[in-house]
Every structure is written in C-alpha cells, then in structure tokens.
Amino acid sequence: MSHILHRSLRQTPPLAVGGDGIYLRDSQGNTYIDASGGAAVSSLGHGHPDIIAAMHRQIDRCAYAHTAFFSTEVAERLADRLVARAPAGIGSVYLVSGGSEAMETALKLARQYFVEAGELKRSVFIARRQSYHGNTLGALAVGGNEWRRKPFAPLLMDVPRVSPCYEYRGRAEGQGVDQYTETLLDELEAAILHAGPENVIGFCAETVVGATGGAIPPTPGYFRGVRRLCDKYGILFIADEVMCGMGRTGTMFAIEQDGAAPDLIAVAKGLGAGYAPIGAVLANGAIVERLRNGSGNFLHGHTYIGHPVAAAAALAVQEVIERDDLLVQVQKRGATLRRMLGAVFGEHEHVGDIRGRGLFVGLELVRNRSSKEPFAPELKLHAAVKQQAMQRGLMVYPMGGTIDGRQGDHILLAPPFIVSAAELSEIVTRLKEAVDAAVMEVLKS
Ligand code: PLP
C-alpha cells in the first residue's frame, strides 16, 4: 500500500522509471508513447540531454538563493528572454512554481494595481464557463469547471461567468462566425455593465481552452473584441496560457495569433517542459510601474519563486526551441496530425469535432455525429478511452464534462514538439483502436 495520497485513492498508478524522446517506461517494462506530454507539459519529450546538462550546471553553481536576499543570473536571463518575445507592452516577469500559482499571482497583481490607485471597490473578476485556471482557491474560483468547483464552492469568491467561445456547440445553425463572435462579446459587455465597470478588476480567459474543453480555439476577432471591451471599461485582460502557451500552438504565446495583447499572461507547463516545476506571470509595464511608484512592493511571494534550477531548466528549454526551430516544427507537425486525424476520424460516427492549433489538438466524442448528442456522463467514456489507450502503450489526456461540466467527452493530444511524422501516424493508429474499443466497452455496459 502506497503512502502517497494519489489522485485516485483506490488505485496506485504504475511506477515511471525512465523516458526517452516521446516515450516513457514503467517498472514493469511497458513503454508508452506520450502523446499528451502528460498534461501538455513535456514539450521537448523526455530525457533531453541539453536541458539535463543545463540543470546540472546550475545545481553545481548555485542551487538556491532566497529571493528576499538575492536574484540570480539565470532567473534574470530567463526573464529577459521571456519579455523580449512577449506580446506588446509586457515588461516584467514574476517567476513561480506552477500554473495555479501563476494564476493566483495574476489575480493579486491585478487587484493591487487598482488598490495602488485607491480604487478599493474593484473586486470582481469575470471569467468563462468551461475554463480551468487551477486548483488553488483563487484560481478555482475564477475557473468555470463545475465538477471541480462544487465541493469547494462555499470557500470561493463569486465570479460572474460568460459563455466560452465554443463554436462547435455555441454557434447556432445559420449563424455566421462573426455574428456568433459578436453575440459573445455582447454577453461579456453585459456582464461588465451588470457588475458595474467600476467594480471590475479584469476578465480571465484561456486563449485556447485546454483541459476542460479539449483544445478549443477562439473564433477570429474574439480576443480583439475582448481587448476593445477591456480598454473601453478600463479593466484588465488576463490571458491564461498555462497550457496553450510557450510554443504549444506554434507561436510562443497562443494570443500572438489573435492580434490582442493581454495585460497579464500566465504561463507554466511548457515553460519548464516538465524538467522543473516553474510558472510565470508576464505583466504589462504600466501595471508594474504603478506599483513601483506607489507602495514600491508587490504584496506577494513564495519560498521557491525564481528558483535557479527551475529557471535554468526553463531557459534551456526556450533556447532549444529557438535553436532547433521547433515553433516551425510545431506548425508543420500540427498540420500533419490534424490531416491524419481527419483521415481516420473525419467520418467517424463518434467523433463530432477535431480542433486545435499547432500540436494542441482535441477530439470531441459524441454518441451521434449529426445531432451532436453526447454519451451519457455515467458511461465515463473518457475514462475508458484513457484506459484503453494506456493498454495500447499510448498516453492521451481525455476528460469528461466538456459541454457543461457534466456532459460531453473529449480527448486532448499534445505530443512533444520533437515528434516525427511516423510517430504521429503510430499515435493516430493506436488512438483509433483505443477509441473504438472504449466505445464498444461503454455501449456494452
Ligand atoms: N491554467 C490552465 C489553463 C491549466 O491548464 C492548468 C493546469 O492544467 C492550470 C492553470 C493550473 O496549473 P497547475 O496544475 O500547474 O497548477
């Protein structure tokens, strides 16, 4: 019996003992293709020698120095690099240890930005249904995934919620894409007005929805519209790119493809690519300037912020992405993956939608392709897909509750950027077998 409080208290997962490239191995000698990078984390695959060497060098030089006393060269270089490649206006980086911490930090920085100006009434964040922003109480509060929130709801701040930008389900028949986008923006504007713009701090959204939606990209113009509304009402736009950022969609920041510059951007997963726990908040220069000219401090901090070994890992990951031209690779391989998925699942009775950007791809599973009827949630199709895939040596990231937190199933694919076309073909072959076996299993039950 394991003494670890595992995610499932009834099952101990296999022991991972090693990995190489897109493969992970367990202690029983089984090998798995990591087609989801865990949860869209391992963007360079496993055992990358350059990242490991950079971490070794940093451990030997300076493994830790508390940020209340020191900065480190490696953290400074990482921040310089992130700012140099960030969307317009970003001027500072706050380094944390993961995605939830990044979102908590963004929420507090946004609040303090208004406190510094004496706007103490501002306390409202507006967010979207079917989003995931993390599991700590602030991040969970802005998240819109009902099954995750429900048991903790009494502990969470109230967050007005608007519809996600979810074309497959949200756009009515006969409605144009632009018209659909306008409807969503009207809804956001109504939510701002209802809360009272003078009470609102900001709007939080994942640029491309990951875990809860299955790689749902925004419609063209959606985030430009969001930016316009945030400017119109003087509120902040907080983009959560914890999952979709750091190259996953084929550009360093997913929002680059939407022509909108957020005030705050949270990143994590792909930042350290699994080699070290690290996340970051990138902040517009004006936000930090107001704090600098005001109280002079950001009232925040954790023991491990700016950890030098984590920063060394993240810096090496970013250097390898650039050196090996991996963003272009993500674009190319992403197109190949979607083409392969289209060929195999394009007419599949139980795959209603194939979507995403770059190597961030989702398949939405349906009982009936033409009516888009989902499978009954009790069947837990997503869990069956995960199990069937693992039995075939394939890691994918399926989830239930795609539509409303209860109904719907999807599969998220986020293979490492170094994946080859032949490996993608193997992923799609195994996935087809796993989906068919899972559907058969749940329909029999
Ligand atoms: N935000 C998004 C969009 C995420 O996908 C996640 C994790 O899946 C988080 C925040 C939370 O990140 P972490 O699990 O590192 O705390």
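Here are a few notes on this predicted model, going from the ligand site to the core and then to some individual loop residues.

1. **The shell around the ligand.** A good place to start is the list of neighbours: Gly98, Gly99, Ser100, Tyr132, His133, Gly134, Glu206, Asp240, Val242, Met243 and Lys269 surround the ligand. Sorted by class, this shell is made up of 5 polar, 3 nonpolar and 3 charged residues.

2. **Polar pairs with the ligand.** Which protein atoms pair with the ligand's oxygen and nitrogen atoms? On the backbone side, an N or O atom of glycine 99 sits 2.8 Å from a ligand oxygen, and a backbone N or O atom of tyrosine 132 is 3.4 Å from a ligand nitrogen. The side chain of lysine 269 also takes part, with an N or O atom 2.9 Å from an oxygen of the ligand. As for cover, the ligand on its own would expose 390 Å², and the protein buries 82% of that area.

3. **The nonpolar core.** The largest nonpolar core holds 97 residues, and Leu413 and Leu431 are the members that touch the most others. Helix α12, spanning residues 308-323, is the biggest contributor, giving 11 residues to this core. Where does the core lie with respect to the two domains? Domain 1 (16-48 + 325-444) and domain 2 (51-323) both supply residues, so the core lies between them.

4. **Two lysines with positive phi.** You may like to look at the loop that runs between β12 (360-365) and α14 (381-391), where lysine 372 is found. Its phi is near 65 degrees, a positive value in a residue that is not glycine. Lysine 380 belongs to the loop between β12 and α14 as well, and its phi, near 50 degrees, is again positive in a non-glycine residue.

5. **Exposure of lysine 372.** Is lysine 372 buried, partly exposed or exposed? Its relative accessibility is 28%, and because partly exposed covers the range between under 20% (buried) and over 50% (exposed), lysine 372 counts as partly exposed.

6. **Threonine 402 and its partner.** Threonine 402 is placed in the loop between β14 (397-400) and β15 (409-413). Although it is a loop residue, threonine 402 counts as buried, because its relative accessibility is 0%. What does its side chain contact? The side chains of threonine 402 and histidine 410 are joined by a polar contact of 2.9 Å.

Terms used: Residues are numbered from 1 along each chain as its sequence is written. This is a predicted model: local features need pLDDT of at least 70, side-chain atom pairs count only at pLDDT 80 or more; totals for chains, interfaces and linings use all residues. Side-chain values use heavy atoms; hydrogens and water are left out. A residue is near a molecule or strand if one of its heavy atoms lies within 4 Å of it. A polar contact is a pair of N or O atoms within 3.5 Å; within protein, one must be able to donate a hydrogen and the other to accept it, and residues adjacent in sequence count only if both atoms are side-chain atoms. Accessible areas come from the Shrake-Rupley method with a 1.4 Å probe; for residues, only the protein chains shown count as cover. Ala, Val, Leu, Ile, Met, Phe, Trp, Tyr, Cys and Pro count as nonpolar, Asp, Glu, Lys and Arg as charged, and the others, Gly among them, as polar. Helices (H or I, at least four residues) and strands (E, at least two) are DSSP runs, numbered from the N terminus. Buried means under 20% relative accessible area, exposed over 50%, partly exposed in between (1.4 Å probe, protein chains only). A nonpolar core is a set of buried Ala, Val, Leu, Ile, Met, Phe, Trp, Tyr and Cys residues joined through side-chain atoms within 4.5 Å. Domain bounds come from an automatic or database domain assignment.
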